[in-house]
Structures are given as structure tokens and as C-alpha cells.
Amino acid sequence: MTRLPAASRAGRRSDAGGFDRRLIAPMILGSILNPINSSMLAVALVPIGHWFHASPAHTAWLVTGLYLATAVGQPVIGRLVDTFGPRPLYLTGTALVGVAGLLGVLAPTLGVLIVSRVLLGIGTSAAYPASMFLLRAEADRTGMRSPSGILAALSISNQVLAVIGPTLGGLLIGVGGWHLIFAVNVPLSAACLVLGARRLPRRSTAARPGGGLDVIGMALFAGTLTAFMTFLMNPAWGLWWLLVIAAVAGTCFAVRELRVAQPFLDLRVLGGNQPLLATYGRQWLAYTTSYAFLYGFPQWLQDSRSLAPSAAGLLLLPMSAMAIAVTALTGRRAEVRGKLAGGAAAQIAGCAALLTAGSGSPMWLLALIGAFVGVAQGLNGLANQSALYAQADPARMGSSAGLLRTFGYLGALSASAANAAFYRHGATTPGLHHLSLLLLGVSVLLLAGILADRSLRRVGHT
């Protein structure tokens, strides 16, 4: 069999010097590992609790353990991607997903199962920073100004898996019990390993192997974020010492990063990049509202409207459908300011409409509220991702992308704290309205920040 010359083989990998489309499959498959593991568990907490005779307070650590590990792991692994390139981190991370899946299947206790979820969080933290790094490297190679279509594909695939995750989890549990939602990670891991080994570049000229790894800075960052996020999971006066630890570790982290020659996070560069900081702030605000609605609205539907879980889930379909549709329709447009303004306006409309929800509200109104929130999710998520791509230092694309995910998880934990505060005595209608007022204020602040950020006018137009 005659081998093609190197030039011909290269031509098969990319069209006339365009983006190497062989990279798309491992990028998308790796990036969906996190949302599918986050969403499948939603329907498994009760059977897992029954299996281990554990209360909801204990099984909740299966959720928060993954969020915490991912929030800390994304920027740390992203920095490793910047240093060593995407291939070794992608392969190591996706292999760890398979190990964590096996550990979950064989877990003899709830504690071991929680450990497997933490390992899943760490393992699934590699693919997104690696994908963003590859996008930047391919853009530099091809001269492509904005890979908006590929960014949209990543966003849509993540949203689709987040939507079908609970349904898939329910089917797997029905077939073979809750163990299968962990077992499914083994073939997914194997597929990622095969695709990654065959298609990811072995070397990257943008990476900087052999130095620049600030291990102490990473450890201080992880300690700061872990203490702060653990407090957010259960804010109480009795846990004030966590805030003290976060403050001390954060101070030590800042002092070190300002003095070390090659810091984990270059605070001088980051502090001077106001547009990127604004993007992180928008991510936090947008995801606070998104997750508060996602977790708070179904509880109210079940507790105050006496809907079955399946019926409550159906009322969330307009939200999911609108998020996917909006991302698909606007994904190829590189301009972000209009998307962000539209997303914030839709978020305000949804929160305002939520104030009118009550025991006599028609179902079409409740579905419409979800649709508004879905529009906001689709526009805000994609636009912030595109803004980060344009604003981040190319040499630190991996860690910058990881931080974007971290701020999204900070929003999730802020939402969890808000839901706990307003639903202290159950998911009542007054509690929902008080939550809506808070989210309305957050949404107005988000819109004000977007309109005041003049740098957004240049994103997608240069």
C-alpha cells in the first residue's frame, strides 16, 4: 500500500491551511465529560442515599465535591496546559475519568463514592482548557481571526448534554441501577484516549515545557478557593474560620504571585486586563441567576404547585430548548456586546416575570419564564466564552479559560447559598419572590456592567 507524502497527509488534516478539523471530535467529546457527570447525578441522589442509608445532607457532597474539585482544578490544570501543552494533560485527565468511573462502580461506602466524584471533577477539568489552547494555537497557525463556529459547537454540545443528562441518568438507573452512571465514564474515557492519542499534536510551539511551574502558588490558590467555596456551600457563623483561612491564604497567594518570576497567575497582567476581569465578573453574575433558577424553580413547582418531578422537568424544556436554539442561531456571529446586552435583558424579563408566579399562574406563563431564562443562558454563555478568547493572553489561554469555568462555579455556589437562605422553611411562593428580587438586582447589575464596558465594542470587530 502506497503511503501518502507528508504534504498530502497534512492536507487531509486541514482544508487549505484552515482549522484542523481532526481536533474537533476529541475537543467536544472531552468537554462534555463535565456537564454529563454533573447532570446525570441529579436523578441518582435518592437511590444512592437509599443504597448507603445516607441522608440528603450527606449525599449532597456528591454534587459539591465535583463542583469544588472542578472549580479549583480548571485554572490549575489550565496552567499546566499552558506549560506542557494540551496533549499530556488531556490524556491524563480523561484517563483519570475512567479510573474514577471504575472506583464509583466498586465503591463500598459513600465516602469512597465522594472521592470518585472528586477525581471526576479533577479529570474532567483538563479538556476545556486544552480545547481553548488548541483553538488559539490553530488560530495563530492559520491566521483565523475568530473561530466562532467551533466555539458555538463547544457551547451547544455542553448545553445538549446538560439537558439530556438527567434523562440519560434515569434510563441508566432503570436498566442497571445508579452504578451505571459511573460505569458510563469508562467507555467515554476510552474514546477520549483513542481520539486524543491519534489526533492531538504531540508538540505545541506555544507551550513552554521545562519551567515556569509555580507549585506553591497553585497550592495557595487551591487553599484559598477551597476554604471560600466550602463556606459558600454552607454559610454559617460557626464556620467563620473558613473565611479567615481564605483571607490568610489569599493574602499569601497575592504576595507570592507579585514577587515570583514566573507566577501561576500573573496578577500584574491580570490586574491590568480590565476587560478580562469584567468577563469573569459577568460569568459570576450570569451563572448565579442561571443556577438559582435551575435549582430553585423546580423545587417551587414541586413543593408549592404539587407537580410531580417529571412534570416539573417538562416545564424546564422551554428553557433548555431556547438556550440551544439561541446558541445555534447566533453562534457564528463574532460580535459579543449585543449578545450580552440581549442576554441580560432576557434575564431581567425572566426574573421580573418570576415575581408574578403563584399558585394560580397558568402553565404557559411558567413555561414562558423558563424560555426567557433559556435565552439568557444561550447568549451569555457563548458571548462570555468568545470574549475570553479575544481578551486573554494567548500564552495563558489554558489557565484563563479554566478561571472562566471557576467563576461559573462560584455562581453556582452563590445560587445554592441564595436558595438555601430563601427556602429555609421550604420552597414557598414568598420565598420564590424574595429570591426573584435578589436575582432581578443581580441581572440589573449585569446589564449595567455590560453597557458601561466600552471594550466590548471592539470584540468581534477587529
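Trainee: Why does Pro235 count as partly exposed?

Mentor: A residue is buried under 20% relative accessible area, exposed over 50% and partly exposed in between (1.4 Å probe, protein chains only). Pro235 has a relative accessibility of 42%, so Pro235 counts as partly exposed. Please note that this is a predicted model, in which local features need pLDDT of at least 70 and side-chain atom pairs count only at pLDDT 80 or more, while totals for chains, interfaces and linings use all residues. Residues are numbered from 1 along each chain as its sequence is written, and side-chain values use heavy atoms, without hydrogens and water.

Trainee: Where does Pro235 lie, and how far is Pro235 from Ala420 in space?

Mentor: Pro235 is placed in the loop between helix H13 (215-233) and helix H14 (240-259). Helices here are DSSP runs (H or I, at least four residues), numbered from the N terminus. The C-alpha atoms of Pro235 and Ala420 are 9.4 Å apart in space, although 185 residues separate the two in sequence.

Trainee: What makes Ala448 partly exposed?

Mentor: Its relative accessible area is 42%, so Ala448 is partly exposed. Ala448 has its place in helix H22 (residues 429-452). From Ala448 to Ala341 there are 107 residues in sequence and 9.1 Å in space, C-alpha to C-alpha.

Trainee: How do you know that the span of helix H7 agrees with its number of residues?

Mentor: The expected span is 1.5 Å times one less than the number of residues. Helix H7 (residues 86-106) has 21 residues and should therefore span 30 Å; its end C-alpha atoms are 31 Å apart, which agrees. Among the buried residues of H7 are Pro86, Arg87, Leu89 and Tyr90.

Trainee: Which residues of helix H4 are buried, and what places them on the same side?

Mentor: In H4 (residues 45-52), the buried residues are Ile48, Gly49 and Phe52. They cover an arc of only 100° around the axis, so they lie on the same side of H4. The arc is taken from the directions that run from the helix axis to the C-beta atoms. Val46, His50 and Trp51 are exposed, on the face of H4 turned away from its buried side.

Trainee: What is notable about the phi of His53?

Mentor: Most residues other than glycine have a negative phi. The phi of His53 is near 55°, a positive value in a residue other than glycine. His53 is found in the loop between H4 and helix H5 (56-59). Its relative accessible area is 76%, so His53 is exposed.

Trainee: How many aromatic pairs are there, and why is the pair of Trp178 and Phe182 called edge-to-face?

Mentor: Rings of Phe, Tyr and Trp (its six-membered ring) pair if their centres lie within 6.5 Å; planes under 30 degrees apart are stacked, over 60 edge-to-face and the rest tilted. The count comes to 13 aromatic pairs. The ring centres of Trp178 and Phe182 are 5.9 Å apart and the planes stand at 85°, so the pair is edge-to-face. Both Trp178 and Phe182 are buried.

Trainee: Why is the pair of Tyr280 and Phe407 called stacked?

Mentor: The ring centres of Tyr280 and Phe407 are 5.0 Å apart and the planes stand at 5°, so the pair is stacked. Tyr280 lies in helix H16 and Phe407 in helix H21, so the pair ties together parts that are 127 residues apart in sequence. Tyr280 counts as buried because its relative accessibility is 2%.

Trainee: Which residues do ring pairs link into a cluster?

Mentor: The cluster consists of Trp51, Phe52, Trp178 and Phe182.

Trainee: What makes an empty space a cavity, and how many cavities of 30 Å³ or more are there?

Mentor: On a 1 Å grid over the protein atoms alone, a cavity is a set of points where a 1.4 Å probe fits but cannot get out; lining residues have an atom within 4 Å of a point. The count comes to 2 cavities of 30 Å³ or more. The largest has a volume of about 130 Å³, where volume is the space filled by probe spheres set on the points, which are joined across faces, edges and corners. Its lining residues include Leu265, Asp266, Tyr280 and Arg396. H21 supplies the largest share of this lining, 3 residues.

Trainee: What is the volume of the second largest cavity, and which residues line it?

Mentor: The second largest cavity has a volume of about 30 Å³. Thr289, Phe293, Gly350, Cys351, Leu354, Val373 and Leu439 form its lining. The largest share of this lining, 3 residues, comes from H19.

Methods
Helix = DSSP H or I, 4+ residues; strand = E, 2+ residues; numbered from the N terminus. 1 Å grid on protein atoms, 1.4 Å probe; cavity = no way out; pocket = protein on both sides within 12 Å on 5 of 7 lines; lining within 4 Å.
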